[in-house]
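User: Please take a close look at one part of this model, then connect it to what lies around it. Keep it brisk.

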Amino acid sequence: DLDAFGALLRTAANAAARLERDLVFGVLTANAALSDGVALFHASHGNLEAPHVSIGVSGLSIARSAMRKQTDASGGFVLTNPRFLVCPVAGESVAEALIASLTYRPEANVEQQTPGWVKSLMVVADPRLDAADAAAWYLLSDPAVSPVIRLGYLNGITEPTVEQDADFQRDTLRFKVRFDVACTAVGYAGAVKMA
């Protein structure tokens, strides 16, 4: 009557979603080496832009240019487009305001229309990025075109599995929640880090 079991299942679902985000943002911030022995974000991959450029049209243009110049293993251009602006929560308001704005000011006395491709970006903000580097942000492509990070699930089960065991002798009910997921970087062409 107190919905104790329902609350348990909702807690398990929330923990699973949190685990997925931990894994994805862990891959972004760890910047581990790919199969070529080079870090996910590296100058030789052409997807690490430094010195730091803040979130704005000029910074997004630099990141988009780096992304659009990426080539595949055969040397052909990937021709991917930015889809996600991934930033720390410290930059979330600035990112949302930029995407929602009709115009912006690159100079004090000039006003220009915000490009349509900037308005089409989706903002993804997460506090895990604040903890790693509150100034760094990322531009990611559509994963269907150029995947960067992939989540893998055991036997294709993408949500927690709940099992229960009733003990008639002791009048107890036990629950077990299982969620098997792994995460890894699968490519670098669809991502740019602005650090």
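Analyst: Start with Ser-74. Its relative accessibility is 69%, so Ser-74 counts as exposed. The model is a predicted one. Ser-74 sits in the loop between H2 and E2. Its side chain makes a polar contact with the side chain of Asp-72, at 2.8 Å.

Gln-70 belongs to the loop between H2 and E2 as well. Is Gln-70 buried or exposed? Gln-70 has 5% relative accessibility, which is under the 20% cut-off, so Gln-70 counts as buried. What does its side chain reach? One target is the backbone oxygen of His-45, at 2.9 Å. Another is the backbone oxygen of Gly-46, at 3.2 Å. With neighbours within four places in sequence set aside, the contacts of Gln-70 include Asn-47, Gly-76, Phe-77 and Val-78. Tyr-188 and Ala-189 are also among them. So the loop between H2 and E2 holds an exposed Ser-74 and a buried Gln-70.

Now move along the chain to helix H3. Ser-74 and Ser-93 are 19 residues apart in sequence, yet their C-alpha atoms are 40 Å apart in space. Ser-93 is exposed, and so is Ala-100; both are carried on the face of H3 turned away from its buried side. H3 covers residues 92-100, and Ala-95, Leu-98 and Ile-99 are buried there. Viewed down the helix axis, these buried residues fall within an arc of 95°, so they line one face of H3. What do they pack against? Two helices, H2 (57-68) and H4 (116-119), and two strands, E2 (82-87) and E5 (122-125). H2 and E2 are thus the elements on either side of the loop where we began, and the buried residues of H3 pack against both.

Strand E5 leads on to the charged side chains. Asp-126 and Arg-21 meet in a salt bridge of 2.7 Å, N to O. Arg-21 lies in helix H1, while Asp-126 is in the loop between E5 and helix H5 (127-133), so the pair ties together parts that are 105 residues apart in sequence. Asp-126 is buried, at a relative accessible area of 2%. Arg-21 is partly exposed, at 34% relative accessibility. Asp-126 also pairs with Arg-128, again in a salt bridge of 2.7 Å, N to O. Arg-128 is partly exposed, at 24%. Together with Asp-22, the residues Arg-21, Asp-126 and Arg-128 are linked in a network of salt bridges. The whole structure has five salt bridges. Another of them joins Asp-165 to Arg-174, with the closest N and O atoms 2.7 Å apart. There, Asp-165 is partly exposed at 36%, and Arg-174 is exposed at 54%.

Arg-174 falls within the range of strand E9, residues 172-178, where Val-177 also lies. Val-177 is partly exposed, with a relative accessible area of 39%. With Leu-8, Leu-9 and Val-162, Val-177 makes a nonpolar surface patch of about 280 Å².

Last, two backbone angles. Most residues other than glycine have a negative phi. Asn-31 has a positive value, near 50°. Asn-31 is in the loop between H1 (4-30) and strand E1 (48-49), partly exposed at 21%. Asn-155 also has a positive phi, about 55°. That residue lies in the loop between E7 (149-153) and E8 (161-167). Asn-155 is exposed, at 68%.

Technical notes:
Residues are numbered from 1 along each chain as its sequence is written. This is a predicted model: local features need pLDDT of at least 70, side-chain atom pairs count only at pLDDT 80 or more; totals for chains, interfaces and linings use all residues. Side-chain values use heavy atoms; hydrogens and water are left out. Buried means under 20% relative accessible area, exposed over 50%, partly exposed in between (1.4 Å probe, protein chains only). Helices (H or I, at least four residues) and strands (E, at least two) are DSSP runs, numbered from the N terminus. The arc is that of the directions from the helix axis to the C-beta atoms. Contact means heavy atoms within 4.5 Å. Patches are made of residues with over 30% relative accessible area and no salt bridge: like charges are joined within 9 Å, nonpolar side chains (Val, Leu, Ile, Met, Phe, Trp, Tyr) within 5 Å. Accessible areas come from the Shrake-Rupley method with a 1.4 Å probe; for residues, only the protein chains shown count as cover. A salt bridge is a side-chain nitrogen of Lys or Arg within 4 Å of a carboxyl oxygen of Asp or Glu. A polar contact is a pair of N or O atoms within 3.5 Å; within protein, one must be able to donate a hydrogen and the other to accept it, and residues adjacent in sequence count only if both atoms are side-chain atoms.
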